[in-house]
Amino acid sequence: MAGKTVIVHSNDVHGAIAGYANMAALAADYEKQGAQVIVADAGDFSQGKVEVSSNKGLNAVRMMNAAGYDIATLGNHEFDYGYAQLVANLKEAKFGTVCCNVLGEDGKPVLDGSKVITVGDVKIGFIGVNTPESQTKANPALIKGLTWLAGDNMVKAVQAEADKLKAEADVIVVLAHLGVDAESKPNRSTDLWAGLKGVDFIIDGHSHTVMTAGEGGEPIQSTGTAFQNIGVIVIDNATKKIESNKLVEITADSAKDETVAAAAQAITDAINKEYGTVFAKNEVKLNGDKAYNKDTGLYGNRDGETNLGNLITDSMVWTVKKSGGVTVDEKHIVAVTNGGGIRAAINPGDITKKNVNTVLPFGNTIAVVYITGAELLEALEASTYCVPASTIGGFPQVSGIEFTVDTSKAYDAGDEYPGTTYAAPKSINRVTITSVGGKDFDPAATYTIATNDFMASGGDTYYRFINATANYDLGIAMDEVVMDYVKTVLGGTVTADKYGQPAGRITVS
């Protein structure tokens, strides 16, 4: 590999910190072969497992430092704990962070849009870009003052950085946290590539896609998620051109850097000590799937009702009722939480705090909003717009309400909700609420919605919650609510008779 520069890269690590030892070992191996090496990441390193969510993403930064990262861009999950927390975390970063399309209150990018890294006599320019979906996939209340350039404006921002780099950089690479999912159009990495000139390659993230090229042959590479693979891009130093790219699969037998592995294990051991105490028993598998599973015949949390969604929302209704102060009929108290916030399953056997925190890793708290039945119906229509596809995290898991989604009818999309990438419904034609609290649904009635602080701030497709007649935060963490409910109401055991199967609250037809 003498005479070569190698970029090794990751994306969507999501707390799989053991993989950083594989990254460090692979980088060291290329260096031993004579290559000059740059280590890069395309975002979503701050969230996913308790190992990184326990201190709001800081452990991820520390592990990236240990693994020798040189450059990264931001994913949407870097904003999960708020912009102030992100800034604090990045102060510890020994690697550069670039992003050109996230603007502050002054209208300027909050980070450098690009950076040149020189290795030997080769200069590589890196441009960072973040999905505009971050503005609703992160808690809007925690990112106030930030705006995202999207669509053509996003492309122009990246092109402006590329134009600046032309005089200095031999090779230009975009670190893009955009993905290739159809619902992300026109903000996909493929859309970006189609509008650019003078860029050599895109390292992509967000959609967890495993690819070495786009569907149209575009030079776009993505590793999947959680170190399924490590990306490799080889540059010839003489010609100063990219000569190859590939993915290296990571398995249990892949080489590991012992020092980095020890740092990851120390974090895991500390988490297990703090979060490993058993507090309850579980008789069933609580479903953490994202989408319909043809093997089990069960829906996932983003396209139908799940037993885990039932358990979580039941605990939310119970918490709001016992907190007091609710001024509506108790039968008008319902819970709605976003299926995208449910990140893992809980298997039969012992239940620990770590299990629950892995399911609910965002640190969300219980919030209460008062809205009319008509506003609730609009929120459900907007949040199920793509069903039966499971492509958005806004799909509602519920308690105290029964509704149907008629997927034979097309979503009647209107204008986008302000500051989001989601369209409001022009009419309600897919969702029918059949009952609330065992009684007929009343569009004119006021309902108390137990939700989470992310949704109460308009996260995902829940823009209608922002202007609720009441909107307040109980300040109780979601994982604590679930644990308290299991211990107090269920007597420390999640039983098959109560949570063995979904309860028939949501019908997708």
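**Exercise 1. Strand pairing around β19**

Task: Determine in which sense strands β16 and β19 pair, and over how many bridges.

Solution. Step 1: In this predicted model, strand β16 covers residues 333-338, and β19 covers residues 396-399. Step 2: The pairing of β16 with β19 is antiparallel and extends over 4 bridges. Step 3: One bridge can be located exactly, since A335 has S399 of β19 as its bridge partner.

**Exercise 2. The two faces of β19**

Task: State which residues of β19 point one way and which point the other way, and decide whether they are buried or exposed.

Solution. Step 1: The general rule is that side chains in a regular strand alternate between the two faces of the sheet. Step 2: In β19, P396 and V398 point one way, while Q397 and S399 point the other way. Step 3: All of these residues are buried; the cut-off for this term is a relative accessible area under 20%.

**Exercise 3. An open sheet**

Task: Give the order of the strands in the open sheet of 6 strands, and identify the edge strands.

Solution. Step 1: The order is β6-β7-β9-β10-β12-β11, with mixed pairing. Step 2: The edge strands are β6 (114-119) and β11 (210-211), because each pairs on one side only. Step 3: At the β6 edge, the partner is β7 (residues 122-130), and these two strands pair in the antiparallel sense over 6 bridges. Step 4: Within this pairing, S114 has I127 of β7 as its bridge partner.

**Exercise 4. Exceptions in the backbone**

Task: Describe where the cis peptide bonds before P186 and P388 lie, and examine the phi values of H206 and F227.

Solution. Step 1: As a reference, most peptide bonds are trans, and most residues other than glycine have a negative phi. Step 2: The bond joining K185 and P186 is cis, with omega about 10°; P186 is placed in the loop between β9 (171-177) and α7 (189-194). Step 3: The bond from V387 to P388 is likewise cis, with omega near 20°; P388 is placed in the loop between α11 (373-383) and β19. Step 4: H206 has a positive phi, near 95°, and lies in the loop between β10 (201-205) and β11. Its relative accessibility is 13%, and therefore H206 counts as buried. Step 5: F227 also has a positive phi, near 60°, and its place is in the loop between β12 (220-223) and β13 (229-236). F227 counts as buried because its relative accessibility is 5%.

**Exercise 5. The protein as a whole**

Task: Decide whether the radius of gyration agrees or disagrees with that of a compact globule, and describe the overall make-up of the protein.

Solution. Step 1: For 509 residues, a compact globule would have a radius of gyration near 23 Å; the protein has 23 Å, so the two agree. Step 2: Taken along the principal axes, the C-alpha atoms fill a box of roughly 75 × 50 × 40 Å. Step 3: The secondary structure consists of 14 helices and 27 strands. Step 4: Of the 509 residues, 58% are buried. Step 5: Among contacts with a separation of 6 or more, 74% join residues 24 or more positions apart. Step 6: The accessible surface comes to about 19,500 Å², and carbon and sulfur atoms account for 48% of it. Step 7: The protein carries 42 positive and 61 negative charges, whose mean positions are 2 Å apart.

Terms used. Residues numbered from 1 in each chain as written. Predicted model: local features only at pLDDT ≥ 70, side-chain atom pairs only at ≥ 80, totals over all residues. Heavy atoms only, no water. Buried < 20%, exposed > 50% of the residue type's maximum accessible area, 1.4 Å probe, protein only. Rg over C-alpha atoms; globule rule 2.2 N^0.38 Å. Contact = heavy atoms within 4.5 Å. Areas by Shrake-Rupley, 256 points an atom, 1.4 Å probe, with all protein chains shown as cover. Lys, Arg positive; Asp, Glu negative; His and termini not counted. Charge placed at Lys NZ, Arg CZ, Asp CG, Glu CD.
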